Amino acid sequence: MTLKEAVTTFIKDGSHIAIGGFVCTRNPMAIAYEIIRQRKKNLHIYVHSHGQALDLLIGAGCVRRLELAYAGMGRFASTCVRFRKAVQNGDIEWEDYTNYEMTLRFFAGSLGIPFMATKTSLGSDILVKEGFRPETRKEYKVASKKLTIMNNPFSDEDEKIVLVPAINPDVALIHAQYVSEEGTVRIEGLSLTDVEIAKCADKLVITCEEIVPESYLRQNPDMNCLPHFLVDAIVAVPYGAHPTSCFNFYDYDAKHLNMYRKIAENDRNFTEYLDEWVYGISSHEEYLAKVGIGRLLQIKANPAFGFRPGLERG
Amino acid sequence: MALDPVWRGDEREMLEYNPREIMAITAGRMVKNGDVIFCGTGLAQIAATVAKKMYAPESIIFFETGGIDAELPELPLSVSDLRIMYRTSVNAGLLESFSILSHRKVHSKAFLGAAQIDRFGNLNSTCMGDYWHPSVRFSGSGGACDAACLAAEVIIFMEHEKRRFVNKVDYLTSPGWLSGADAREKAGLHRGGPTAVVTNLGVMRFDEKTKEMYLSEYHSGVTPRQIQDTTGFEVDISRAVRSKPITEEELRVLREDVDPQKLII
(Lines give C-alpha, C1' and ligand atoms only; values in the text may rest on other atoms or scores of the structure.)
Protein backbone atom coordinates (compact mmCIF):
# COMPACT_ATOMS: atom_id res chain seq x y z
CA MET A 1 0.00 0.00 0.00
CA THR A 2 1.17 3.57 -0.56
CA LEU A 3 1.27 6.22 2.17
CA LYS A 4 -1.54 8.06 0.40
CA GLU A 5 -3.77 4.98 0.26
CA ALA A 6 -3.05 4.06 3.88
CA VAL A 7 -4.10 7.49 5.14
CA THR A 8 -7.12 7.76 2.81
CA THR A 9 -8.31 4.29 3.80
CA PHE A 10 -7.73 4.28 7.55
CA ILE A 11 -7.77 7.85 8.80
CA LYS A 12 -10.83 10.11 8.74
CA ASP A 13 -11.44 13.50 10.27
CA GLY A 14 -12.06 12.84 13.96
CA SER A 15 -10.28 9.46 13.99
CA HIS A 16 -8.81 8.21 17.27
CA ILE A 17 -5.15 7.38 16.66
CA ALA A 18 -2.51 5.77 18.90
CA ILE A 19 1.04 6.51 17.82
CA GLY A 20 4.03 4.26 18.49
CA GLY A 21 7.65 5.19 19.05
CA PHE A 22 8.97 7.26 21.93
CA VAL A 23 10.30 10.85 22.10
CA CYS A 24 13.06 10.78 19.48
CA THR A 25 12.98 7.21 18.23
CA ARG A 26 10.80 5.43 15.64
CA ASN A 27 8.19 8.19 15.30
CA PRO A 28 6.14 7.21 12.23
CA MET A 29 7.09 10.46 10.52
CA ALA A 30 6.40 9.58 6.89
CA ILE A 31 2.76 8.78 7.61
CA ALA A 32 2.44 11.77 9.95
CA TYR A 33 3.56 14.01 7.05
CA GLU A 34 0.96 12.36 4.80
CA ILE A 35 -1.80 12.92 7.39
CA ILE A 36 -0.85 16.60 7.43
CA ARG A 37 -0.76 16.75 3.61
CA GLN A 38 -4.27 15.29 3.48
CA ARG A 39 -5.28 17.97 6.00
CA LYS A 40 -7.03 15.62 8.41
CA LYS A 41 -8.80 17.45 11.23
CA ASN A 42 -10.09 16.90 14.77
CA LEU A 43 -7.90 13.87 15.45
CA HIS A 44 -7.91 12.35 18.94
CA ILE A 45 -4.35 11.22 19.70
CA TYR A 46 -3.03 8.76 22.32
CA VAL A 47 0.68 8.59 23.20
CA HIS A 48 2.78 7.82 26.26
CA SER A 49 5.89 9.94 25.63
CA HIS A 50 6.08 11.42 22.22
CA GLY A 51 7.96 13.99 20.23
CA GLN A 52 8.32 15.02 16.63
CA ALA A 53 5.33 13.35 14.94
CA LEU A 54 3.01 14.57 17.70
CA ASP A 55 4.37 18.09 17.59
CA LEU A 56 3.96 18.40 13.82
CA LEU A 57 0.42 17.01 13.86
CA ILE A 58 -0.52 19.51 16.57
CA GLY A 59 1.28 22.40 14.88
CA ALA A 60 -0.40 21.67 11.55
CA GLY A 61 -3.82 21.89 13.21
CA CYS A 62 -4.75 18.21 12.76
CA VAL A 63 -5.31 17.50 16.46
CA ARG A 64 -8.34 18.35 18.57
CA ARG A 65 -7.71 16.17 21.63
CA LEU A 66 -4.68 14.55 23.18
CA GLU A 67 -4.19 11.96 25.92
CA LEU A 68 -0.53 11.86 26.88
CA ALA A 69 2.13 11.41 29.53
CA TYR A 70 4.88 13.56 28.01
CA ALA A 71 5.52 15.74 24.98
CA GLY A 72 9.19 16.52 24.53
CA MET A 73 12.33 15.68 22.56
CA GLY A 74 14.87 15.16 25.37
CA ARG A 75 17.80 17.50 24.89
CA PHE A 76 16.47 18.60 21.48
CA ALA A 77 13.42 20.26 23.12
CA SER A 78 12.60 19.80 26.80
CA THR A 79 8.94 20.46 25.88
CA CYS A 80 7.60 20.05 22.34
CA VAL A 81 7.24 23.61 21.11
CA ARG A 82 3.99 23.48 19.10
CA PHE A 83 2.41 21.31 21.80
CA ARG A 84 3.35 23.92 24.43
CA LYS A 85 1.89 26.74 22.35
CA ALA A 86 -1.31 24.82 21.55
CA VAL A 87 -1.93 24.11 25.25
CA GLN A 88 -1.11 27.66 26.32
CA ASN A 89 -3.44 29.04 23.61
CA GLY A 90 -6.18 26.54 24.43
CA ASP A 91 -6.15 25.25 20.84
CA ILE A 92 -6.45 21.61 21.89
CA GLU A 93 -7.98 19.63 24.76
CA TRP A 94 -5.52 17.53 26.75
CA GLU A 95 -5.53 14.89 29.46
CA ASP A 96 -2.36 14.07 31.44
CA TYR A 97 -1.48 10.58 32.59
CA THR A 98 1.87 8.95 33.42
CA ASN A 99 3.94 6.72 31.14
CA TYR A 100 3.08 3.68 33.24
CA GLU A 101 -0.61 4.52 33.14
CA MET A 102 -0.65 5.04 29.37
CA THR A 103 1.23 1.77 28.94
CA LEU A 104 -1.31 -0.05 31.11
CA ARG A 105 -4.16 1.59 29.20
CA PHE A 106 -2.79 0.34 25.87
CA PHE A 107 -2.21 -3.07 27.49
CA ALA A 108 -5.81 -3.22 28.78
CA GLY A 109 -7.03 -2.31 25.31
CA SER A 110 -4.91 -5.07 23.77
CA LEU A 111 -6.38 -7.63 26.19
CA GLY A 112 -9.96 -6.54 25.60
CA ILE A 113 -10.55 -5.62 29.24
CA PRO A 114 -12.00 -2.26 30.30
CA PHE A 115 -9.33 -1.09 32.75
CA MET A 116 -6.07 -1.91 34.47
CA ALA A 117 -4.93 -1.38 38.06
CA THR A 118 -1.83 0.36 39.38
CA LYS A 119 -0.44 2.15 42.42
CA THR A 120 1.19 4.90 40.45
CA SER A 121 -0.08 8.50 40.69
CA LEU A 122 -1.53 8.11 44.23
CA GLY A 123 -1.29 11.50 45.93
CA SER A 124 -0.64 13.39 42.68
CA ASP A 125 -2.68 15.97 40.77
CA ILE A 126 -2.83 13.51 37.87
CA LEU A 127 -5.35 11.70 40.04
CA VAL A 128 -7.53 14.68 40.85
CA LYS A 129 -7.39 17.08 37.89
CA GLU A 130 -9.43 16.06 34.84
CA GLY A 131 -8.36 17.75 31.63
CA PHE A 132 -11.34 16.90 29.44
CA ARG A 133 -14.59 18.82 29.78
CA PRO A 134 -17.67 16.93 31.01
CA GLU A 135 -19.27 17.17 27.53
CA THR A 136 -16.15 15.60 25.97
CA ARG A 137 -16.64 12.63 28.29
CA LYS A 138 -19.82 11.72 26.40
CA GLU A 139 -18.10 11.57 23.02
CA TYR A 140 -17.15 8.60 20.86
CA LYS A 141 -14.56 6.32 22.51
CA VAL A 142 -13.84 8.75 25.37
CA ALA A 143 -13.80 7.16 28.86
CA SER A 144 -16.59 8.37 31.18
CA LYS A 145 -13.96 9.54 33.67
CA LYS A 146 -10.21 9.98 33.69
CA LEU A 147 -9.53 7.32 36.34
CA THR A 148 -10.80 6.16 39.70
CA ILE A 149 -9.50 4.81 43.03
CA MET A 150 -10.79 1.68 44.71
CA ASN A 151 -9.75 -0.51 47.60
CA ASN A 152 -8.07 -3.84 46.84
CA PRO A 153 -11.12 -6.17 46.54
CA PHE A 154 -9.01 -9.17 47.59
CA SER A 155 -8.02 -7.79 50.97
CA ASP A 156 -9.80 -6.63 54.10
CA GLU A 157 -7.01 -4.16 54.75
CA ASP A 158 -6.97 -0.62 53.51
CA GLU A 159 -5.05 -0.75 50.23
CA LYS A 160 -5.72 1.85 47.55
CA ILE A 161 -5.54 1.02 43.86
CA VAL A 162 -5.90 3.32 40.86
CA LEU A 163 -7.93 2.06 37.90
CA VAL A 164 -7.10 3.47 34.46
CA PRO A 165 -9.41 3.04 31.45
CA ALA A 166 -8.46 0.94 28.42
CA ILE A 167 -7.65 2.61 25.10
CA ASN A 168 -9.19 1.21 21.93
CA PRO A 169 -8.45 3.67 19.14
CA ASP A 170 -9.59 3.42 15.52
CA VAL A 171 -6.03 3.11 14.25
CA ALA A 172 -2.52 2.46 15.53
CA LEU A 173 0.49 3.77 13.62
CA ILE A 174 3.80 1.99 14.19
CA HIS A 175 7.14 2.30 12.45
CA ALA A 176 9.16 -0.95 12.46
CA GLN A 177 12.42 -2.09 10.94
CA TYR A 178 11.04 -5.12 9.07
CA VAL A 179 7.66 -6.37 7.96
CA SER A 180 7.15 -9.44 5.83
CA GLU A 181 5.03 -9.48 2.70
CA GLU A 182 2.37 -11.20 4.79
CA GLY A 183 2.60 -8.79 7.71
CA THR A 184 4.81 -10.40 10.37
CA VAL A 185 6.54 -7.56 12.23
CA ARG A 186 10.06 -7.31 13.62
CA ILE A 187 11.16 -4.40 15.78
CA GLU A 188 14.84 -4.11 16.66
CA GLY A 189 16.25 -2.29 19.69
CA LEU A 190 13.57 -1.45 22.24
CA SER A 191 10.01 -2.48 21.42
CA LEU A 192 8.77 0.23 23.87
CA THR A 193 4.97 -0.17 24.13
CA ASP A 194 4.51 -0.72 20.42
CA VAL A 195 3.21 -4.27 20.68
CA GLU A 196 0.46 -3.22 23.12
CA ILE A 197 -0.33 -0.12 21.05
CA ALA A 198 -0.53 -2.23 17.90
CA LYS A 199 -2.94 -4.68 19.50
CA CYS A 200 -5.28 -2.21 21.17
CA ALA A 201 -6.47 -0.55 17.95
CA ASP A 202 -9.24 -1.52 15.54
CA LYS A 203 -6.87 -1.15 12.58
CA LEU A 204 -3.10 -1.45 12.47
CA VAL A 205 -0.96 0.40 9.95
CA ILE A 206 2.74 -0.47 9.96
CA THR A 207 5.32 1.57 8.12
CA CYS A 208 8.74 -0.02 7.83
CA GLU A 209 12.28 0.30 6.60
CA GLU A 210 12.16 -2.92 4.59
CA ILE A 211 9.53 -5.36 3.38
CA VAL A 212 11.09 -8.83 3.37
CA PRO A 213 9.88 -12.36 2.53
CA GLU A 214 7.90 -14.09 5.29
CA SER A 215 10.40 -16.98 5.12
CA TYR A 216 13.24 -14.57 6.06
CA LEU A 217 11.54 -13.50 9.31
CA ARG A 218 10.61 -17.11 10.09
CA GLN A 219 14.29 -18.06 10.25
CA ASN A 220 14.45 -16.23 13.62
CA PRO A 221 10.89 -16.10 14.93
CA ASP A 222 12.16 -15.23 18.45
CA MET A 223 12.89 -11.76 17.14
CA ASN A 224 9.40 -11.13 15.75
CA CYS A 225 6.83 -9.27 17.81
CA LEU A 226 3.51 -9.27 15.92
CA PRO A 227 1.91 -12.04 13.85
CA HIS A 228 0.98 -11.25 10.25
CA PHE A 229 -2.80 -11.56 10.61
CA LEU A 230 -3.02 -8.56 12.98
CA VAL A 231 -1.66 -6.13 10.41
CA ASP A 232 -4.09 -4.23 8.18
CA ALA A 233 -1.69 -2.20 6.06
CA ILE A 234 2.03 -2.26 5.31
CA VAL A 235 3.89 0.67 3.79
CA ALA A 236 7.59 0.54 2.98
CA VAL A 237 9.22 3.91 3.71
CA PRO A 238 13.01 3.77 4.08
CA TYR A 239 14.16 6.43 6.58
CA GLY A 240 10.46 6.72 7.43
CA ALA A 241 11.18 7.85 11.00
CA HIS A 242 13.51 10.70 9.97
CA PRO A 243 14.42 13.04 11.72
CA THR A 244 13.90 10.60 14.64
CA SER A 245 16.00 7.44 14.91
CA CYS A 246 15.57 3.78 14.00
CA PHE A 247 17.87 1.23 15.67
CA ASN A 248 20.28 -0.54 13.31
CA PHE A 249 19.22 1.75 10.45
CA TYR A 250 19.92 5.39 11.36
CA ASP A 251 20.44 7.79 14.23
CA TYR A 252 18.40 10.89 14.93
CA ASP A 253 19.15 13.87 12.71
CA ALA A 254 20.42 16.19 15.44
CA LYS A 255 20.96 19.08 13.04
CA HIS A 256 17.41 18.89 11.73
CA LEU A 257 15.92 18.60 15.22
CA ASN A 258 17.93 21.57 16.52
CA MET A 259 16.85 23.58 13.49
CA TYR A 260 13.23 22.55 14.00
CA ARG A 261 13.16 23.65 17.65
CA LYS A 262 14.22 27.17 16.69
CA ILE A 263 11.81 27.35 13.76
CA ALA A 264 8.88 26.03 15.78
CA GLU A 265 9.15 28.94 18.23
CA ASN A 266 7.97 31.39 15.57
CA ASP A 267 4.53 30.96 13.97
CA ARG A 268 5.53 32.29 10.57
CA ASN A 269 8.73 30.25 10.42
CA PHE A 270 6.79 27.16 11.43
CA THR A 271 4.26 27.70 8.63
CA GLU A 272 7.14 28.04 6.19
CA TYR A 273 8.66 24.83 7.57
CA LEU A 274 5.40 22.98 6.91
CA ASP A 275 5.25 24.39 3.38
CA GLU A 276 8.84 23.43 2.73
CA TRP A 277 9.00 20.00 4.37
CA VAL A 278 5.42 18.70 4.18
CA TYR A 279 2.90 20.44 1.89
CA GLY A 280 5.45 21.25 -0.79
CA ILE A 281 6.57 17.65 -1.04
CA SER A 282 4.54 15.09 -2.94
CA SER A 283 6.20 11.80 -2.00
CA HIS A 284 8.50 10.19 0.53
CA GLU A 285 11.20 9.86 -2.15
CA GLU A 286 11.04 13.60 -2.72
CA TYR A 287 11.36 14.14 1.06
CA LEU A 288 14.50 11.99 1.21
CA ALA A 289 15.98 13.84 -1.76
CA LYS A 290 15.38 17.07 0.12
CA VAL A 291 17.09 15.76 3.27
CA GLY A 292 19.95 14.85 0.96
CA ILE A 293 22.26 11.88 0.58
CA GLY A 294 25.00 13.62 2.57
CA ARG A 295 22.84 13.96 5.69
CA LEU A 296 21.38 10.48 5.34
CA LEU A 297 24.89 9.04 5.25
CA GLN A 298 25.95 11.12 8.27
CA ILE A 299 23.23 9.56 10.41
CA LYS A 300 23.36 6.04 8.92
CA ALA A 301 23.80 3.48 11.72
CA ASN A 302 27.09 1.66 12.10
CA PRO A 303 26.10 -2.04 12.17
CA ALA A 304 28.51 -2.73 15.03
CA PHE A 305 26.58 -0.31 17.26
CA GLY A 306 23.09 0.14 15.87
CA PHE A 307 23.60 3.91 16.03
CA ARG A 308 26.13 6.37 14.56
CA PRO A 309 29.11 6.72 16.92
CA GLY A 310 30.70 10.15 16.93
CA LEU A 311 27.65 11.78 15.38
CA GLU A 312 27.78 15.55 15.74
CA ARG A 313 25.02 16.20 18.25
CA GLY A 314 25.65 19.62 19.81
CA MET B 1 32.01 29.40 38.24
CA ALA B 2 32.26 28.39 41.88
CA LEU B 3 35.63 28.20 43.52
CA ASP B 4 36.79 25.49 45.82
CA PRO B 5 40.24 25.51 47.43
CA VAL B 6 42.12 22.25 47.06
CA TRP B 7 45.58 21.16 48.08
CA ARG B 8 47.91 20.44 45.22
CA GLY B 9 51.29 19.65 46.69
CA ASP B 10 52.16 22.45 49.06
CA GLU B 11 50.28 25.00 47.06
CA ARG B 12 46.71 25.94 47.79
CA GLU B 13 44.95 26.43 44.45
CA MET B 14 41.42 27.16 43.42
CA LEU B 15 39.49 24.46 41.55
CA GLU B 16 36.89 25.79 39.16
CA TYR B 17 33.65 24.04 38.23
CA ASN B 18 30.18 24.98 37.07
CA PRO B 19 26.88 24.35 38.92
CA ARG B 20 25.97 21.34 36.80
CA GLU B 21 29.31 19.71 37.50
CA ILE B 22 28.99 19.98 41.27
CA MET B 23 25.40 18.69 41.12
CA ALA B 24 26.39 15.67 39.02
CA ILE B 25 29.30 14.78 41.30
CA THR B 26 27.31 15.30 44.52
CA ALA B 27 24.49 13.05 43.28
CA GLY B 28 26.94 10.52 41.89
CA ARG B 29 28.43 10.13 45.37
CA MET B 30 25.01 9.07 46.67
CA VAL B 31 24.88 5.92 44.53
CA LYS B 32 25.82 2.64 46.20
CA ASN B 33 26.82 -0.71 44.76
CA GLY B 34 23.66 -2.71 44.22
CA ASP B 35 21.50 0.32 43.48
CA VAL B 36 19.38 -0.03 40.38
CA ILE B 37 19.13 3.47 39.00
CA PHE B 38 16.02 4.62 37.18
CA CYS B 39 17.64 7.15 34.96
CA GLY B 40 16.38 10.11 33.02
CA THR B 41 18.74 11.98 30.75
CA GLY B 42 20.62 15.21 31.27
CA LEU B 43 22.14 15.60 34.73
CA ALA B 44 20.66 12.32 35.96
CA GLN B 45 22.52 10.46 33.25
CA ILE B 46 25.77 12.24 34.04
CA ALA B 47 25.45 11.57 37.76
CA ALA B 48 24.70 7.89 37.24
CA THR B 49 27.66 7.49 34.91
CA VAL B 50 30.00 9.34 37.29
CA ALA B 51 28.83 6.97 40.02
CA LYS B 52 29.44 3.88 37.94
CA LYS B 53 32.93 5.00 36.98
CA MET B 54 34.04 6.21 40.42
CA TYR B 55 32.00 5.10 43.41
CA ALA B 56 29.65 2.25 42.60
CA PRO B 57 30.84 0.09 39.70
CA GLU B 58 28.30 -2.53 40.76
CA SER B 59 25.34 -0.18 40.35
CA ILE B 60 23.00 -0.69 37.41
CA ILE B 61 21.47 1.92 35.13
CA PHE B 62 18.14 1.32 33.46
CA PHE B 63 15.70 3.40 31.46
CA GLU B 64 11.92 3.46 31.57
CA THR B 65 11.82 2.72 27.84
CA GLY B 66 13.21 -0.76 28.47
CA GLY B 67 17.00 -0.52 28.16
CA ILE B 68 18.22 -2.52 31.16
CA ASP B 69 21.89 -2.26 32.26
CA ALA B 70 23.11 -0.53 29.11
CA GLU B 71 26.82 -0.28 28.33
CA LEU B 72 26.48 3.40 27.25
CA PRO B 73 29.58 3.96 25.12
CA GLU B 74 28.27 7.49 24.43
CA LEU B 75 26.01 9.82 26.36
CA PRO B 76 22.32 9.40 25.50
CA LEU B 77 20.31 12.60 24.91
CA SER B 78 16.91 11.16 25.76
CA VAL B 79 15.60 7.97 27.36
CA SER B 80 14.83 6.68 23.86
CA ASP B 81 18.29 7.39 22.47
CA LEU B 82 19.66 4.44 20.45
CA ARG B 83 22.72 4.54 22.73
CA ILE B 84 20.70 3.00 25.57
CA MET B 85 19.82 -0.01 23.38
CA TYR B 86 23.44 -1.04 22.75
CA ARG B 87 24.77 -4.12 24.61
CA THR B 88 22.18 -4.10 27.35
CA SER B 89 21.37 -7.02 29.60
CA VAL B 90 17.84 -6.94 28.21
CA ASN B 91 16.21 -4.77 25.59
CA ALA B 92 12.58 -4.71 26.64
CA GLY B 93 9.74 -2.21 26.79
CA LEU B 94 7.97 0.04 29.24
CA LEU B 95 5.91 -2.66 30.96
CA GLU B 96 9.05 -4.62 31.83
CA SER B 97 10.83 -1.49 32.97
CA PHE B 98 8.05 -0.46 35.34
CA SER B 99 8.04 -3.97 36.80
CA ILE B 100 11.71 -3.45 37.70
CA LEU B 101 11.08 0.04 39.07
CA SER B 102 8.46 -1.31 41.48
CA HIS B 103 10.03 -4.73 42.15
CA ARG B 104 10.17 -5.61 45.84
CA LYS B 105 13.59 -7.28 45.45
CA VAL B 106 15.15 -4.23 43.82
CA HIS B 107 16.49 -1.12 45.50
CA SER B 108 15.43 1.15 42.67
CA LYS B 109 16.81 4.65 43.03
CA ALA B 110 15.32 7.31 40.77
CA PHE B 111 16.98 10.58 39.78
CA LEU B 112 14.34 13.22 39.03
CA GLY B 113 14.37 16.87 38.08
CA ALA B 114 11.44 19.30 37.86
CA ALA B 115 10.43 22.92 37.36
CA GLN B 116 9.17 23.38 40.95
CA ILE B 117 9.60 21.70 44.32
CA ASP B 118 7.90 22.34 47.66
CA ARG B 119 9.20 21.80 51.22
CA PHE B 120 7.98 18.17 51.24
CA GLY B 121 9.74 17.28 47.99
CA ASN B 122 6.63 17.26 45.81
CA LEU B 123 7.52 18.04 42.20
CA ASN B 124 5.91 19.86 39.31
CA SER B 125 6.90 19.11 35.72
CA THR B 126 3.50 19.79 34.15
CA CYS B 127 2.69 23.51 34.10
CA MET B 128 2.88 26.95 35.70
CA GLY B 129 -0.37 28.55 36.69
CA ASP B 130 -3.80 26.97 36.46
CA TYR B 131 -3.82 23.47 34.89
CA TRP B 132 -6.57 24.35 32.40
CA HIS B 133 -5.13 27.77 31.47
CA PRO B 134 -1.41 27.45 32.12
CA SER B 135 0.95 30.39 31.68
CA VAL B 136 3.68 27.91 30.79
CA ARG B 137 3.19 24.31 29.83
CA PHE B 138 5.98 21.76 30.37
CA SER B 139 6.41 18.26 28.99
CA GLY B 140 4.29 16.52 31.64
CA SER B 141 5.02 13.57 33.90
CA GLY B 142 6.40 11.02 31.48
CA GLY B 143 7.68 8.40 33.92
CA ALA B 144 8.51 10.91 36.68
CA CYS B 145 5.32 10.39 38.69
CA ASP B 146 5.74 6.63 38.32
CA ALA B 147 9.28 6.78 39.71
CA ALA B 148 8.21 9.13 42.51
CA CYS B 149 5.44 6.72 43.52
CA LEU B 150 7.10 3.35 43.01
CA ALA B 151 10.89 3.60 43.34
CA ALA B 152 12.52 2.54 46.61
CA GLU B 153 14.22 5.93 46.83
CA VAL B 154 14.23 9.23 44.95
CA ILE B 155 17.02 11.78 44.57
CA ILE B 156 16.03 15.15 43.15
CA PHE B 157 18.02 17.65 41.11
CA MET B 158 17.07 21.32 41.30
CA GLU B 159 18.77 24.53 40.38
CA HIS B 160 18.57 26.56 43.55
CA GLU B 161 16.26 29.47 42.76
CA LYS B 162 13.47 31.05 44.77
CA ARG B 163 10.96 30.57 41.92
CA ARG B 164 11.72 26.85 41.89
CA PHE B 165 11.65 26.23 45.66
CA VAL B 166 8.05 27.26 46.31
CA ASN B 167 5.59 26.99 49.15
CA LYS B 168 3.08 25.14 46.97
CA VAL B 169 3.72 23.62 43.56
CA ASP B 170 1.32 24.81 40.83
CA TYR B 171 0.64 21.19 39.85
CA LEU B 172 1.69 18.15 41.86
CA THR B 173 3.08 15.88 39.13
CA SER B 174 5.29 13.63 41.27
CA PRO B 175 4.52 12.93 44.93
CA GLY B 176 7.23 13.47 47.51
CA TRP B 177 6.16 13.37 51.14
CA LEU B 178 2.84 15.09 50.22
CA SER B 179 1.78 17.13 53.28
CA GLY B 180 4.50 15.61 55.47
CA ALA B 181 4.72 13.16 58.39
CA ASP B 182 2.80 9.98 57.39
CA ALA B 183 0.80 11.59 54.53
CA ARG B 184 2.60 9.58 51.86
CA GLU B 185 1.85 6.29 53.59
CA LYS B 186 -1.78 7.34 54.11
CA ALA B 187 -2.14 8.14 50.40
CA GLY B 188 -1.29 4.51 49.70
CA LEU B 189 2.39 4.81 48.81
CA HIS B 190 4.10 2.28 51.02
CA ARG B 191 7.72 2.77 50.07
CA GLY B 192 10.06 5.27 48.53
CA GLY B 193 9.95 9.03 48.80
CA PRO B 194 12.70 11.58 48.25
CA THR B 195 15.82 11.35 50.44
CA ALA B 196 17.87 14.22 49.04
CA VAL B 197 17.59 17.33 46.90
CA VAL B 198 20.86 18.06 45.16
CA THR B 199 21.24 21.69 44.16
CA ASN B 200 24.06 23.89 42.90
CA LEU B 201 24.33 25.38 46.41
CA GLY B 202 24.14 22.30 48.61
CA VAL B 203 22.12 19.26 49.63
CA MET B 204 18.71 19.35 51.29
CA ARG B 205 17.31 16.34 53.12
CA PHE B 206 14.02 15.56 54.84
CA ASP B 207 13.36 15.41 58.58
CA GLU B 208 12.72 11.86 59.71
CA LYS B 209 9.48 12.74 61.52
CA THR B 210 7.96 15.79 59.86
CA LYS B 211 9.37 15.04 56.37
CA GLU B 212 10.11 18.74 56.00
CA MET B 213 13.11 19.79 53.96
CA TYR B 214 16.19 20.96 55.88
CA LEU B 215 19.64 22.05 54.78
CA SER B 216 22.05 19.17 55.21
CA GLU B 217 25.15 20.37 53.36
CA TYR B 218 26.31 23.61 51.80
CA HIS B 219 29.00 23.89 49.16
CA SER B 220 32.08 26.00 49.57
CA GLY B 221 31.65 29.66 48.73
CA VAL B 222 28.04 29.56 49.93
CA THR B 223 26.59 30.25 53.38
CA PRO B 224 23.51 28.57 54.87
CA ARG B 225 21.93 32.02 55.14
CA GLN B 226 22.34 32.54 51.39
CA ILE B 227 20.63 29.22 50.76
CA GLN B 228 17.73 30.22 53.01
CA ASP B 229 17.44 33.49 51.06
CA THR B 230 17.32 31.56 47.76
CA THR B 231 14.59 29.23 48.98
CA GLY B 232 10.91 30.23 48.75
CA PHE B 233 10.02 28.77 52.15
CA GLU B 234 11.48 28.56 55.66
CA VAL B 235 14.30 25.99 55.89
CA ASP B 236 15.98 24.64 59.01
CA ILE B 237 19.67 25.46 58.50
CA SER B 238 20.80 24.50 62.01
CA ARG B 239 21.92 21.01 61.00
CA ALA B 240 23.96 22.07 57.98
CA VAL B 241 27.58 21.09 57.53
CA ARG B 242 30.01 21.97 54.78
CA SER B 243 30.05 19.49 51.93
CA LYS B 244 33.10 17.44 51.08
CA PRO B 245 35.03 19.40 48.45
CA ILE B 246 35.14 18.22 44.87
CA THR B 247 38.43 16.62 43.86
CA GLU B 248 40.44 17.11 40.73
CA GLU B 249 40.04 13.44 39.92
CA GLU B 250 36.24 13.70 40.08
CA LEU B 251 36.29 16.64 37.68
CA ARG B 252 38.68 14.88 35.35
CA VAL B 253 36.50 11.77 35.08
CA LEU B 254 33.40 13.91 34.58
CA ARG B 255 34.94 16.04 31.84
CA GLU B 256 37.13 13.52 30.05
CA ASP B 257 35.29 10.22 30.42
CA VAL B 258 31.62 11.03 31.00
CA ASP B 259 30.82 14.07 28.86
CA PRO B 260 33.82 14.75 26.62
CA GLN B 261 31.58 16.31 23.94
CA LYS B 262 30.17 18.73 26.57
CA LEU B 263 26.62 17.82 25.59
CA ILE B 264 25.20 18.29 29.09
CA ILE B 265 27.95 19.79 31.26
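# A walk through chains A and B

Let's start in a loop of chain A: A:P243 sits in the stretch between β13 (233–236) and α9 (254–264) of chain A. The model is a predicted one, and in it the peptide bond leading from A:H242 to A:P243 is cis, with omega near 10°.

Another loop of chain A is worth a visit for its backbone. Between β1 (16–19) and α2 (29–37) of chain A you will find A:V23, which is not a glycine and yet has a positive phi of about 50°. Is A:V23 buried or exposed? A residue counts as buried when 20 or more other C-beta atoms lie within 10 Å of its own; A:V23 has 34 other C-beta atoms within 10 Å, so A:V23 is buried.

Chain B offers a residue to set beside it. B:A181, also a residue other than glycine, has a positive phi near 50°. Its place is the loop between β12 (153–158) and α5 (183–187) of chain B. The surroundings of B:A181 hold 15 other C-beta atoms within 10 Å, so this residue is partly exposed.

Now step back and look at chain B as a whole. Seven helices and 16 strands make up its secondary structure elements. The radius of gyration of chain B is 18 Å, close to the 18 Å that the globule rule gives for 265 residues, so chain B is as compact as a globular protein of that length. Its C-alpha trace spans about 55 × 45 × 35 Å along the principal axes. Of the 265 residues in chain B, 55% are buried. If you take the contacts in chain B with a separation of 6 or more, 64% of them join residues that are 24 or more positions apart.

Next, zoom in on the helices of chain B. Two packed helices are described by the angle between their axes and the distance between the axes. Take helix α1 (residues 19–28) of chain B with helix α2 (residues 43–54) of chain B: the angle is about 50° and the axes are 8 Å apart. That angle makes α1(B) oblique to α2(B), and the crossing is right-handed. On the α1(B) side the contact is made by B:R20, B:M23, B:A24, B:I25, B:A27 and B:G28, while α2(B) brings B:L43, B:I46, B:A47, B:V50, B:A51 and B:M54. Sorted by class, the residues of this contact are 10 nonpolar, one polar and one charged.

How does α1(B) lie relative to α7(B)? The axes of α1(B) and helix α7 (residues 248–258) of chain B come within 11 Å and cross at roughly 105°, and the two helices are therefore roughly perpendicular to each other. Here B:E21, B:A24 and B:I25 of α1(B) meet B:E250, B:L251 and B:L254 of α7(B). This contact has four nonpolar and two charged residues, with no polar ones. B:A24 and B:I25 are thus named in the contact with α2(B) and again in the contact with α7(B).

Finally, turn to where the chains touch. The contact takes 51 residues from chain A and 47 residues from chain B. On the chain A side, the elements that give two or more residues are β5 (70–71), α4 (81–88), α5 (99–111) and α6 (125–128) of chain A. The largest share, four residues, comes from α5(A). By class, the side of chain A that touches chain B has 20 nonpolar, 22 polar and nine charged residues.

Key
Residues are numbered from 1 along each chain as its sequence is written. Chains are lettered from A and ligands numbered from 1 in the order in which they are written. This is a predicted model: local features need pLDDT of at least 70, side-chain atom pairs count only at pLDDT 80 or more; totals for chains, interfaces and linings use all residues. The radius of gyration is taken over C-alpha atoms; the globule rule is 2.2 Å times the number of residues to the power 0.38. A residue is buried if 20 or more other C-beta atoms lie within 10 Å of its own, exposed if 12 or fewer, and partly exposed in between; C-beta atoms are placed from the backbone. Two residues are in contact if their C-beta atoms, placed from the backbone, lie within 7 Å. Ala, Val, Leu, Ile, Met, Phe, Trp, Tyr, Cys and Pro count as nonpolar, Asp, Glu, Lys and Arg as charged, and the others, Gly among them, as polar. Axes are lines fitted to C-alpha atoms, for helices over the stretch in contact, and angles run from 0 to 180 degrees between N-to-C directions. Angles under 35 degrees count as roughly parallel, over 145 as roughly antiparallel, 65 to 115 as roughly perpendicular and the rest as oblique. A crossing is left-handed if the near helix is turned anticlockwise from the far one by less than a right angle, and right-handed if clockwise.
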